[in-house]
Number of protein chains: 2
Amino acid sequence: MGEIRDANRSKKSIIVAATKLFAKDGFDGVSVDAIAKEAGVNKAMLYYYYKNKSKLYEVVVDMVLEDIYKTVLEKNSQHKKPIDKLYSFIETFAKYAKANPHLSFFMLNELASDGKKLPRDMFLGLRKIFGLLVDILKEGEKKGCFKKTKPIIVHFMIVGAINLFISTKNLRKSVEDELGAEVCNECKIDEVARYLYDYITKGIS
Amino acid sequence: MGEIRDANRSKKSIIVAATKLFAKDGFDGVSVDAIAKEAGVNKAMLYYYYKNKSKLYEVVVDMVLEDIYKTVLEKNSQHKKPIDKLYSFIETFAKYAKANPHLSFFMLNELASDGKKLPRDMFLGLRKIFGLLVDILKEGEKKGCFKKTKPIIVHFMIVGAINLFISTKNLRKSVEDELGAEVCNECKIDEVARYLYDYITKGIS
DNA sequence: GTTATAATTAACTAAATGGTTAGTTAGGAG
DNA sequence: CTCCTAACTAACCATTTAGTTAATTATAAC
């Protein structure tokens with residue numbers, strides 16, 4: 001039983017722990033010791049495999065964004081019509097965010113920090129996802145089914161609404177007695193996706 | 001010249017410094033020493049006036065959210081028709097966020113942290129702003145000019161899009177050579193507000 | 001002017017932090 | 001069996017951190 005030494009297992013457990021903790025408390029809110037403890041490895045292993053805390057954070061964010069990008073990209077390729085692609089974009093993103101709530105934290109955090117945190121091209125991941133939507137909107141425009149619009153605004157409507165909805169799950173639950181139905185605890189993420197699709201298509205049709 | 005001792009000036013300079021630094025680097029990313037230095041006061045003054053770092057943060061967030069709430073509320077009272085109130089809500093929020101960019105950071109951060117950071121009713125401010133939109137949408141529904149909708153989704157569309165647009169200003173500028181017109185650097189915040197209003201009203205009409 | 005009190009400071013502490021290092025052990029290649 | 005190297009560890013270090021404290025000064029009231 002090769003349980004004793006296994007580089008891959010160690011590396012992966014570090015990533016899993018770091019993803020979990022960074023998503024919960026942010027880069028500055030987590031100590032390297034805490035990550036090592038959560039991962040069940042010696043702290044020096046983090047430096048051995050990932051050089052330092054910042055680099056580890058970059059790897060985590062890159063992985064998270066790359067994964068959502070690939071997921072959306074793959075689902076999108078299954079559709080032909082721009083309007084179907086648009087729905088697929090929204091729905092896939094929404095479902096993914098629901099299944100992987102850490103995504104919302106990282107996206108909101110990276111976007112909110114405005115490139116101050118890590119000067120690298122960490123935003124490549126964000127740009128790639130945005131690029132998918134740009135292509136959909138441009139194609140629709142060319143084919144005459146969409147009116148001209150501002151992709152960045154549409155993009156921020158979609159990812160803003162979905163990420164905020166996901167990341168405020170507990171928050172909304174805690175105030176439901178005061179605000180009642182308005183905070184929409186019974187809402188499924190599918191409903192958010194449908195509203196977004198509905199409002200946006202009406203806007204660009 | 002009462003320049004030597006002035007409790008109000010000290011208290012205010014601490015708030016100003018704390019607002020600036022917390023908005024830039026987040027709660028965990030700023031040290032109390034840094035705030036004291038920025039404010040030009042002795043560190044012990046922070047504890048003298050605000051008890052500790054967390055309490056100071058609460059005061060800052062409360063002030064920021066209370067100010068935007070009052071601003072939106074006041075502008076809103078100048079309109080009668082729900083549709084005008086809706087536009088006023090979006091426009092006022094957008095203009096305020098543009099003029100006070102730290103708002104976007106705090107809102108995104110507080111919403112993204114999902115109530116984990118500070119267990120207090122820090123979210124009262126967030127709820128109050130949301131409450132304004134709920135009233136507008138409900139009134140419009142009652143008067144028959146709006147269809148039934150989910151206020152929380154509309155709210156997250158608005159504040160999500162505006163806050164992300166504001167907080168990514170530098171980020172968008174830094175990638176404009178690659179993504180060109182799509183990132184909409186030439187966009188004014190008014191344009192974002194108009195798009196939001198346009199898409200939402202089409203959705204709920 | 002005296003005095004009480006509010007405003008302010010420098011120096012300090014204990015704990016936590018990111019990061020290092022020197023050494024140890026496991027396991028596959030020869 | 002023996003090495004060599006990759007995987008791993010415990011102990012350590014310098015710095016930074018939030019928070020405290022005891023002493024000091026300005027000032028307003030009397």
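**Notebook: protein around DNA strand D**

I began with B:K53, where a side-chain N or O atom sits 2.7 Å from a phosphate oxygen of DNA strand D. I count that as a polar contact, a pair of N or O atoms within 3.5 Å. Note to self: this is a predicted model, where local features need pLDDT of at least 70 and side-chain atom pairs pLDDT 80 or more, while totals for chains, interfaces and linings use all residues. Residues are numbered from 1 along each chain, chains are lettered from A and ligands numbered from 1 as written, and side-chain values use heavy atoms, without hydrogens and water.

Next I looked at chain A. A:Y49 has a polar side-chain atom 3.3 Å from a phosphate oxygen of DNA strand D. A:N42 goes for a base instead: an N or O atom of its side chain is 3.3 Å from a base nitrogen.

Then I asked how many residues surround DNA strand D. I found 20, with A:R5, B:R5, B:V32, B:K43 and B:K53 the closest; near means a heavy atom within 4 Å. Of the strand's atoms within 4 Å of the protein, sugar and phosphate make up 60%.

I sorted that surface too: 11 nonpolar, 4 polar and 5 charged residues. Here Asp, Glu, Lys and Arg are charged, Ala, Val, Leu, Ile, Met, Phe, Trp, Tyr, Cys and Pro nonpolar, and the others, including Gly, polar.

Which helix gives the most to it? It's α3(A), with 4 residues; helices are DSSP runs (H or I) of at least four residues, numbered from the N terminus.

Note on methods. Polar contact = N/O pair within 3.5 Å; in protein donor to acceptor, adjacent residues only side chain to side chain. Helix = DSSP H or I, 4+ residues; strand = E, 2+ residues; numbered from the N terminus.
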